[in-house]
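Please open the model in a viewer and keep the sequence at hand. The stops below proceed from a single chain to the partner chain and then to the DNA.

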2 protein chains.
Amino acid sequence: MTDRSGTNASPIRTAITNEDGVDLSIIELLFFAYRDFTSDPDQILAEYGFGRAHHRVLHFVNRMPGLTVAELLDVLKITKQSLARVLKQLIDTGHIVQVQGPRDRRQRELYPTEKGRSLALALARPQSRRISAALGNSSMAEREGIERFLKAMVNPELRAQIDNLPGTTSGKSHGDE
Amino acid sequence: MTDRSGTNASPIRTAITNEDGVDLSIIELLFFAYRDFTSDPDQILAEYGFGRAHHRVLHFVNRMPGLTVAELLDVLKITKQSLARVLKQLIDTGHIVQVQGPRDRRQRELYPTEKGRSLALALARPQSRRISAALGNSSMAEREGIERFLKAMVNPELRAQIDNLPGTTSGKSHGDE
DNA sequence: TAAAATATGTCAACAAGGCTGACATAAATT
DNA sequence: AATTTATGTCAGCCTTGTTGACATATTTTA
């Protein structure tokens with residue numbers, strides 16, 4: 001009541017719990033898991049003067065070689081200018097090359113070089129090791145449960161992007177089955 | 001061979017696949033899932049002029065009421081200055097209050113106000129709904145498999161932080177069992 | 001063919017949220 | 001009394017996101 005603004009500014013001393021109807025366990029697990037998952041490549045990136053933005057670009061260019069700038073923007077959901085900065089650096093350092101589009105010569109197809117391929121793999125390796133360790137001796141069914149859950153966490157409109165990636169368990173060899 | 005730097009700068013036209021010994025499926029699923037998971041609260045935060053940094057602070061103050069500034073820094077793994085900026089705003093807007101530590105009067109215990117509690121729940125709700133939808137009609141065993149996996153993704157030293165949170169399935173009522 | 005739309009690049013400017021290092025204060029510890 | 005600790009604060013830097021404007025080459029459309 002000693003409060004001018006209508007709200008009560010006194011401290012609440014009890015914690016929010018799962019009983020508040022909110023799935024705090026998984027919310028927090030996702031936060032901690034993702035934080036540590038992304039920390040793996042950071043040391044490697046630092047050696048190159050790169051950041052996570054470079055990592056993401058390099059990753060998807062290696063996963064979808066020949067994709068255009070517009071397609072990359074659509075996958076990453078960032079703006080042209082944000083991409084331009086890091087893409088320029090990756091091109092200048094010889095990790096990515098641009099090739100004029102064969103049908104539409106306005107387009108620039110993006111491909112990794114050997115150097116870019118090698119760095120992409122080096123960055124993926126510690127993350128993959130962490131995943132493998134976390135799966136431990138999980139059964140195939142458990143692994144599928146985890147993948148199904150993660151995929152269902154993605155906005156439905158964007159699940160198509162995942163299916164279009166090559167060699168994903170839930171969408172192999174883009175388009176066939 | 002038309003290359004001065006020793007590396008081959010020609011475009012690689014094949015995609016990296018899971019066969020390269022790297023678990024790309026889950027790497028990418030984590031990226032997409034986390035991206036959309038964190039996008040949920042963003043609209044709400046924007047109404048308050050807050051960002052994700054505010055969200056994280058508010059969340060953990062609500063989950064561990066009375067924690068000190070140093071403890072919060074340890075959970076978030078950011079620096080004092082990064083915290084100071086957003087914490088000040090949350091205090092100025094009446095979402096969090098500081099209480100002088102009872103034993104050590106140098107410490108400032110952080111508590112949510114009613115307003116802060118309410119916002120924290122509002123932010124958690126859409127995330128919780130997304131998780132619930134993603135779990136669908138998963139069995140209890142599947143849910144446990146997912147939680148076990150996510151927890152195992154966290155650096156071992158830091159798993160203690162998770163166990164110290166109240167009401168987490170894998171570590172209830174801090175300390176007893 | 002001329003006009004309009006498209007793909008890309010680039011410039012300037014801004015904001016959020018990380019970072020570092022330095023320094024001040026109060027309180028606790030030695 | 002001296003030192004250490006917990007916190008706050010100042011100045012300044014970096015990365016990576018944003019917007020809006022504009023230029024260029026190329027394709028599509030009228």
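Begin with chain A alone: among its contacts with a separation of 6 or more, 44% join residues 24 or more positions apart. The model is predicted. Colour chain A by secondary structure, and eight helices and three strands appear. Followed along the sequence, these elements of chain A give the pattern α-α-α-β-α-α-β-β-α-α-α. Of the 177 residues in chain A, 33% are buried.

Next, display chain B beside chain A. Here 75 residues of chain A are in contact with 75 residues of chain B. On the chain A side, the elements that give two or more residues are α1 (24-39), α3, β2 (96-100), β3 (108-112), α6 (114-135) and α7 (140-153). Select α6(A) in particular, as this helix gives the most to that side, with 15 residues. Colouring the side of chain A that touches chain B by class shows 38 nonpolar, 22 polar and 15 charged residues.

Now hide chain A and turn to the sheet of chain B. In what order do its three strands lie? The order in this open sheet is β1-β3-β2, with antiparallel pairing. The edge strands of chain B are β1 (67-68) and β2 (96-100), each of which pairs on one side only. Strand β2(B) is joined to β3 (residues 108-112) of chain B by five bridges, and the two run antiparallel. Within this region, select B:V97, which stands opposite B:Y111 in β3(B). Then add α3(B), which packs on the sheet and touches β1, β2 and β3 of chain B. The direction of α3(B) makes about 95° with that of β3(B).

Restore both chains and select DNA strand C. It is surrounded by 22 residues, of which the closest are A:T68, A:A70, B:G51, B:T79 and B:Q81. The elements giving two or more residues to this surface are α4 (69-76) and α5 of chain A, together with α3 (52-63) and α5 of chain B. The largest share, four residues, comes from α5(A). By class, the surface near DNA strand C has six nonpolar, eight polar and eight charged residues.

Finish at DNA strand D, which 24 residues surround. The closest are A:G51, A:A53, A:T79, B:T68 and B:A70. Two or more residues each come from α3 (52-63) and α5 (80-92) of chain A, and from α4 (69-76) and α5 (80-92) of chain B. The residues near DNA strand D comprise six nonpolar, nine polar and nine charged.

Definitions and conventions. Residues numbered from 1 in each chain as written. Chains lettered and ligands numbered in written order. Predicted model: local features only at pLDDT ≥ 70, side-chain atom pairs only at ≥ 80, totals over all residues. Near = placed C-beta within 6 Å. Nonpolar A, V, L, I, M, F, W, Y, C, P; charged D, E, K, R; others polar. Contact = placed C-beta atoms within 7 Å. Buried ≥ 20, exposed ≤ 12 C-beta atoms within 10 Å, placed from the backbone. Pairing = 2+ DSSP bridges. Axes fitted to C-alpha atoms, helices over the stretch in contact; angles between N-to-C directions.
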